[in-house]
Structure formats: C-alpha cells, structure tokens
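Colleague: Could you take me through one part of this model in some detail, namely a pair of packed helices and the residues that belong to that part? I would like a careful account in connected prose.

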Amino acid sequence: MFQQLRRLAGLLPPEGRLVLALYPLLLALFALLRLALLVKNFELAAEVPAAVLRQSFLVGLRFDLAISSYLLMLLFLTLLLVRGRPRRWVMTGFSLLLGGLLLLGLAEAEFYREFQARFNGLVYEYLGHPVIVGGMIWDGYPVLPYLLIWAAAALPLFFGIGWLSRRLLAEGTPGPRLGRFPLQIAGGLLLAVLMVFACRGGIQNEPLRWGDAFFSQHAFANHLACNGFFTLARSGWDKIYSKQESWAKAMPKEKALALTREMVLLPGDEPLQAGEYPLLRRPAPTPGLLPGRKPGRPVNVVVILMESFSGRFTGALGAPDGLTPDFDRLAAQGVLFERAFSSGTHTHQGVYSSLTSFPNLPGYEYLMKMMEANQEFS
C-alpha cells in the first residue's frame, strides 16, 4: 500500500506533494492544542463522559481540516507562483506563521479558563489596548513557563517543516518526465478542488459554521470540538460585516422611529419614556381574546411554523385566488394578527425570531451562524 501511495503522490507536482505531507503535521498540531485546552480545563469536563470527549476530537477534526486547508491552500498557490530562493522565504514565513498559531493555541487554554469560550470577538477588543492587556497578562499568568513549552514544541515543528521542504522542494530536483507532466497538472488541479471542499467543511449545502460543533448536551464538549482559530476568523469576519451600515442610512432616524411607533402601537397603548426608549409602551387592558374561554383558565398554545407560507397568497389576508381555504376557516374561528412584520428574508431568521422572541438585526444577516448567538437561548 505504501508503494501505491507513493505512485499516486508522484502524479502531483512537488508543491502538491509538500502540501499533502504537511496535512498530518497540521492536524496533529491542532489535535495537541485541543488536548492542551482539555488538560488545562479538565475540571470543566468532570461530568462529561469519556466517550463524548473522544467524540469532540472526531468532530473537531472537521474544523482542523478546514483551517489546515485554508493555510495550505495559501502556501500551495504561493509556491506555484515563485521559484528559486524566494521559496525559502515562503517556507520560513509559513513556519513562523505556524509558530505564532502554536503560541496562540497555548494561550487559548487560559482564555477558555477565564471566559469559558473559544477565541472570539473579545480578542479584537483586547488588541485595541495592547499595553494594558499585555501588563495584565504578564502579571496574571505564567508567561515564561508557557514560552518554554512553546519553544519545546516549536523546535520540532520548525525542523519537520524544514525537512519536508528540503526533501520535496530541493533545488536541483529533476523535473517531471514529459509524459507525466500533464498528469501532474491534472493532479494539482484535483488537489486544489479537494482543498476547497475541505475549507468549506464538505460537500453539504452550507459551508462549515461554528454551530456544527454542537453535537452533544455538554457545553464543554461542544466548545472543545470547535477550533479557536476558526471562531477567531469567523468573529473577525462578523466584525467587518457588522460595520456595513448602509441600511442605517436608508431614512432619517426620526422618521424611522416615528414609522416604527405607528406600526407597533395599538389603539389604547400608552407610550413610556419616548425619548430614551421610543418603543417602550404600556398596553391597554384587553378582555379575553378567545371567545368562549372561561376567565382564569390558562391558554394552551401550540406554535406551528410553516415554511414559505406567504401572506400575499393567504385568502384571510385578502388574496383573491382561494389557495388557503383551511387556513381561512381557522382564521375566521380564531384570532388573526394582521399587524405583523417579517423578521428577515430566510427561514433561519424567522425560526430564530419565533423561538427566541429576539428579532433578527440588520448587519447580522445570519445570526444563527454567528458567535453572538452562542447565548443561553441558543
């Protein structure tokens, strides 16, 4: 089998063979960082079954593979563009990058111990105060022991990358045979395609997201399965995306507030503190909404979420085509709320708002996919 694998690797260009050889190294690095987080926060795992903790490593492999693919895709494309001595600089820069990730990964064990969360947007907030935060870290944490651990782990990492690059990208290595050259081009393209699928977490409809790590009823096991660099990058993207506030300039603020009050306030509602809280109001007292219900009897509520059930096609709301006769009959017998608004344009936004009573917000188009949704109501 080993000989067969070597023959298959021979169909790749040297840059592809190097990338393929670096995958196990990066996956091992991320697995060791996950183990370090587990050891440092082992008391949080006291009530988590060992089988669930093992499953965390298996689920986490998907996130590790995605981050490894992002890094190696960048390396692969860069090596294809440069030749000669600059390749040494590229490999040196890649080694330093992994060394930095190793140091950050060790620091995340303490970050999780402090905040019970993987790397998130709080890191970017801290970067805005480097002197203060640096002093707090130096005074409050064993920085020197961590640096010694990092050095002990970084040296073999650097050695392994250097050995692989010298072996597979050494200057003077004979080029491919003419007949094998087209196969190597095809092999490189196939490797790039596979790396793209690995970056997105597979061939499923939606790319990998932090919620895919939540596989159990144990919060620590779910957090352990994720990858801190994945959540950090995702939080950075969310931070950039949330600054796109063109929606906030669609109309003047005063007009938007007045329009919202007109839509929300019902007859008899009393506005409260309109200046500070423009939507705060005291509803007018209402008699029993359901005809025939005995006073004091609790109401049984069943929530039915219907996919793509548009108001414009509903007869009870004025649609002329008679497409919803059963719903129209139920609406006539019960209470139909006509003053409703959409909380978004996609199913996940409507489900989120319906189940949490928390509206989907502009600038947070995919709130269920963002770290901000990692709250108790999730």
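Modeller: What follows is a description of the helix pair, then of one residue within it and one residue in a loop.

Please keep in mind that this is a predicted model. Helix 2, which covers residues 14–40, packs with helix 4, residues 86–115, at an angle of about 15 degrees, and the axes of the two helices are 8 Å apart. Since angles under 35 degrees count as roughly parallel, helix 2 and helix 4 are therefore roughly parallel to each other. The crossing of helix 2 and helix 4 is right-handed, and the residues of their contact divide into 15 nonpolar, one polar and six charged.

Within helix 4 lies Glu110, a residue that is buried because its relative accessible area is 11%, where buried means under 20%. The side chain of Glu110 makes a polar contact with the side chain of Lys40, at 3.2 Å. Once the neighbours within four places in sequence are left aside, Glu110 is in contact with Lys40 and also with Tyr141, Pro142 and Tyr146.

Gln116, for its part, is placed in the loop between helix 4 and helix 5, the latter being residues 122–127. Phi of Gln116 is near 50 degrees, which is a positive value in a residue other than glycine. For comparison, most residues other than glycine have a negative phi. With a relative accessible area of 38%, Gln116 is partly exposed, whereas Glu110 is buried.

Notes
Residues numbered from 1 in each chain as written. Predicted model: local features only at pLDDT ≥ 70, side-chain atom pairs only at ≥ 80, totals over all residues. Heavy atoms only, no water. Axes fitted to C-alpha atoms, helices over the stretch in contact; angles between N-to-C directions. Helix = DSSP H or I, 4+ residues; strand = E, 2+ residues; numbered from the N terminus. Parallel < 35°, antiparallel > 145°, perpendicular 65-115°, else oblique. Left-handed = near helix turned anticlockwise from the far one by under 90°. Nonpolar A, V, L, I, M, F, W, Y, C, P; charged D, E, K, R; others polar. Buried < 20%, exposed > 50% of the residue type's maximum accessible area, 1.4 Å probe, protein only. Polar contact = N/O pair within 3.5 Å; in protein donor to acceptor, adjacent residues only side chain to side chain. Contact = heavy atoms within 4.5 Å.
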